[in-house]
Amino acid sequence: MFLMGFDVGGTKIEATLFQMSQSAIKQSKKGEAFRCAHPTEGLLHGEVLARRREPTERHKGYESIVDKMAGLISATCTEAGVALSDLSGVGFGLPGSIDPRTYRMLNGNTMVLVDRDMVNDVRKKANLPAQVPVRAENDANCFALAEALCGAGLEHEKHVGIPVHEQTAVGIILGTGCGGGIVIQGRTLRGARGGGGELGHTILYRDGHQCYCGQSGCAEQYLSGPGLESLMATRHYSQLGNTFLSAKEIFEKAQASDPAALAVVARYKNDLGRFLGSLTSVFDPHYFVLGGGLSLQPSIYEGLSEILANHTFLPNSRVPVYKHQLGDSAGGLGAALLAL
Ligand SMILES: [Zn+2]
């Protein structure tokens, strides 16, 4: 079967056309083959047939984004020689909370997408046949779903022997924001209105930094890349010769034993461990999986399970924390899996 997944972000829109089947794929055309343990379809073998990107250019408005997405459906299908009527589904991973009944975005940082009927508008523009299901979901939920079924979940099954369909997984994206997704026995926790898994807007510090969502002290304000950068800048700006360091530069300085950077990274890891400890008390997951730019820093994993264990109710809670296994393709793959 052919499935299309979109990863729609503030800066780029990426469309990926996947082929998935229950029989093994002999040779992957693009060299990107994977396996997924799907809760109803069983073990699926997948490969990437085509992938294309466009800049989001949100200043050009909603219609321009719909046009680009319709164009990407047509271009990827043409490239792979797949007819629109042969698609088994199309999924959108969107940067906000998505109503699970209407697929409209309830809120998010890309305001032009809020409360739009994107699923039907793209369907019309792309001339998708009526039998092709189109779905939308929060992008961090897509990330968590793909990692749970096709990435970290399979890795955890290999290490511990607990099958994917019995696992509870929590995915966290540590990037320009802090997103979260919860997957229980192969299914995403959406909640009553699609707001399930908005973990970045749980409170880490009472009366802490003001968040754009209207609250103060949200985890996102401390665990995102900008959160780390502002901690460094506010505490050590003069020590740094009045230069502003990126998150990547802060980790590089810590690696080189710079005391200010080491202190900031230690504080960041303590915040992250505390955050994961609280989530352990809520979900008691089999594992956490981290995505986003900060998840690429090997040092954040060192001792993290131990910090987490000190901040949770359950005894002996050394919950494993994995780095993402699927790289940048997790969001698009999770979106494609929505249509199954
Ligand atoms: Zn917030």
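Four donor atoms around a metal count as tetrahedral if all the angles among them lie between 85 and 135 degrees. Keep that in mind for the first stop, and remember throughout that you are looking at a predicted model.

**Stop 1: the zinc ion**

Select the zinc ion and show the side chains around it. Four residues coordinate the zinc ion: His201 through ND1, and Cys211, Cys213 and Cys218 each through SG. The distances run from 2.0 to 2.3 Å. What is the geometry of the site of the zinc ion? The angles among its four donor atoms are 104 to 116°, and the site is tetrahedral.

Now follow the donor residues along the chain. Their spacing in sequence is H-x9-C-x1-C-x4-C.

Next, turn on the surface and pick two of these cysteines. Is Cys218 buried or exposed? Cys218 has a relative accessible area of 0%, so it is buried. Cys213 has 36% relative accessibility and therefore counts as partly exposed.

**Stop 2: two packed helices**

Select residues 139-150, which form helix H3, together with residues 330-338, which form helix H10. Their axes are 7 Å apart, and the helices pack at an angle of about 85°. Angles of 65 to 115 degrees count as roughly perpendicular, and H3 and H10 are therefore roughly perpendicular to each other.

To see what makes the contact, show the side chains. On H3, look for residues including Phe143, Leu145 and Leu149. On H10, the contact residues include Leu333, Leu337 and Leu338. Try colouring the contact residues by type: eleven are nonpolar, two are polar and one is charged. Glu147 of H3 is also part of this contact.

**Stop 3: His156**

Move on to helix H4, residues 152-160, and select His156 within it. His156 is buried, because its relative accessible area is 3%, and under 20% counts as buried. Which residues does His156 touch, leaving aside its neighbours within four places in sequence? They are Gly161, Gln167, His286, Tyr287, Pro320 and Tyr322.

**Stop 4: Gly293**

Finish in the loop between strand S12 (287-291) and helix H9 (304-309), where you will find Gly293. At 45% relative accessibility, Gly293 counts as partly exposed. Not counting residues up to four places away in sequence, Gly293 touches Leu174 and Gly175. If your viewer has a distance tool, try it from the C-alpha of Gly293 to the C-alpha of Leu3: they are 27 Å apart in space, and the two residues are 290 residues apart in sequence.

How values were computed. Residues numbered from 1 in each chain as written. Predicted model: local features only at pLDDT ≥ 70, side-chain atom pairs only at ≥ 80, totals over all residues. Heavy atoms only, no water. Axes fitted to C-alpha atoms, helices over the stretch in contact; angles between N-to-C directions. Helix = DSSP H or I, 4+ residues; strand = E, 2+ residues; numbered from the N terminus. Parallel < 35°, antiparallel > 145°, perpendicular 65-115°, else oblique. Contact = heavy atoms within 4.5 Å. Nonpolar A, V, L, I, M, F, W, Y, C, P; charged D, E, K, R; others polar. Donors = N, O, S within 2.8 Å, 3.2 Å for Na, K, Ca; no water. Tetrahedral: all angles 85-135°; square planar, octahedral: opposite > 155°, others 65-115°. Buried < 20%, exposed > 50% of the residue type's maximum accessible area, 1.4 Å probe, protein only.
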